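The report below treats side-chain pairing first and overall architecture afterwards. Please read it alongside the sequence and the coordinates.

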Amino acid sequence: MSRLPIILDTDPGIDDAVALAAALFSPALDLQLITTVAGNVSVEKTTRNALQLLHFWQQDVPLAQGAATPLVRPLRDAACVHGESGMEGYNFVAHDRLAPDIPAFQAIYNCLLASETPVTLVTIGPLTNIALLLTHYPDCVTRIKRLVMMGGSAGRGNFTPNAEFNIAIDPEAAARVFQSGLEIIMCGLDVTNKAMLTPEYLAALPTLNRTGAMLHALFSHYRSGSLSTGLRMHDLCAIAWLVKPEMFTLKPCFVAVETQGEYTSGATVVDLEGRLNQPANAQVALEIDVPAFQQWVAQTLALAP
Ligand code: BDR
Ligand code: CA
C-alpha cells in the first residue's frame, strides 16, 4: 500500500507533539514536511519544540519556520495550557539543527511542486501559513489533495465562549482558508473534546517506550484535562481521520468564520441545517468512535521508539 503524502503545519504544543508522533510512526503516512506557526507559544518556541521532537526521534523530516504573528492581530498564546515553553515537563537533549531561512508558505509550495501527486495538508495550529500560501500562490489549490484541520467548533468554544483556539488566534486566516475552495475536513471541538486518553492508559505510558515516557512527562504539565481524569488529544484527531476516517461521522456544511464580532470573533458558524442556503465548503466531524480512537492511539504510539 502506498503511503499518503502529508505536510503538517503545527504549533507544538503538547497535543501537537502527540500528533507529530502519530504522523511520523503511522505506517500509512508519509510526512514530507513540517511547518511551524505562532499559536500555543511564539513561533521561535514552536520551531524549537518541533526540532527538539525530531531530534528526540532521530528523524530528519524537512522543517520550515512560519509566521510569527497572525495576519492582522497580535498573537495571544496558550502558555496557560502548554506551559511557558509550549512543551513544559521534559528535558530534551541539546542539538544544533536550525530551521532553514525559507518561510513556511514557500517551503509548502516547493513541496507541492516537487510532488507528483496532490499532497494532503494537515493543520493543527492557527491557519496563518496556509492563508499566506493561498495569497502568494493561488494555484496551490490544484496541488493540494485536501486540508484536514484541527480547528473550530459547531458548538461552543474553548478560548472564548464561541471560538476555538486555532481559529480565534487568526480568524482572518481561517476565513481565507474556508473561502479557498479547498476540500476541507474540519475536526473541531465537537469531536476533539471527546477524544480523551483515559487515566488508566496514561498511567501505563511511562513503561510503553521512550516516547511514552517523554509524553507522560509533558502530560503532567498539559492543562486540557488532567492525568487523573483524562486528557483531550485535540490535534491527534486530524491524524486519526487520515488513518481511520471510519471512526468519524462527517456532515457537509457551509462554514463561515466570524471576523468582526466584538464577542464572537473567531467563531466558526457551522450551518448544520442549511439555513444560509450556501453550498457546503467543509466536511465537519460531528461524532467520533471514542473506544476505537483510544485503541488506535495505543496501537500507534506502541510503534514509536
Ligand atoms: C487547539 O489549541 C491548541 O492549544 C491545541 O494545540 C490545539 O491545536 C485546541 O483548541
Ligand atoms: Ca496545536
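## E172 and its partner R73

In this predicted model, E172 has a relative accessible area of 21% and is therefore classed as partly exposed, given that a residue counts as buried under 20%. The side chain of E172 meets that of R73 in a salt bridge, with a distance of 2.8 Å from N to O. Because R73 belongs to the loop between β3 (63-65) and α3 (79-82), while E172 sits in helix α7 (residues 171-178), this pair ties together parts of the chain that are 99 residues apart in sequence.

## Other salt bridges

The structure holds 6 salt bridges, and a further one of them joins the side chains of R3 and D30 at 3.8 Å, N to O. R3 lies in the segment before β1 (4-10) and D30 in strand β2 (residues 29-36), so that the pair links parts 27 residues apart in sequence. Both partners are partly exposed: R3 has a relative accessibility of 47%, and D30 has one of 22%.

A salt bridge is also formed between the side chains of E246 and K244, where the N to O distance is 4.0 Å. Here E246 is exposed, with a relative accessible area of 59%, whereas K244, at 28%, is partly exposed.

## Fold and dimensions

The secondary structure of the chain amounts to 12 helices and 12 strands. The radius of gyration is 18 Å, which is close to the 19 Å given by the globule rule for 305 residues, and the chain is therefore as compact as a globular protein of that length. Taken along the principal axes, the box filled by the C-alpha atoms comes to roughly 55 × 40 × 40 Å.

Of the contacts in the chain with a separation of 6 or more, 82% are accounted for by residues 24 or more positions apart. The salt bridge of R73 and E172, which connects parts 99 residues apart, offers one example of pairing between parts distant in sequence.

## Burial, surface and charge

How much of the chain is buried? Buried residues make up 55% of the 305 residues. The chain exposes about 12,300 Å², and carbon and sulfur atoms supply 52% of that area.

With respect to charge, the chain carries 18 positive and 28 negative charges, and the mean positions of these two sets are 3 Å apart.

Conventions. Residues numbered from 1 in each chain as written. Chains lettered and ligands numbered in written order. Predicted model: local features only at pLDDT ≥ 70, side-chain atom pairs only at ≥ 80, totals over all residues. Heavy atoms only, no water. Helix = DSSP H or I, 4+ residues; strand = E, 2+ residues; numbered from the N terminus. Buried < 20%, exposed > 50% of the residue type's maximum accessible area, 1.4 Å probe, protein only. Rg over C-alpha atoms; globule rule 2.2 N^0.38 Å. Contact = heavy atoms within 4.5 Å. Areas by Shrake-Rupley, 256 points an atom, 1.4 Å probe, with all protein chains shown as cover. Lys, Arg positive; Asp, Glu negative; His and termini not counted. Charge placed at Lys NZ, Arg CZ, Asp CG, Glu CD.
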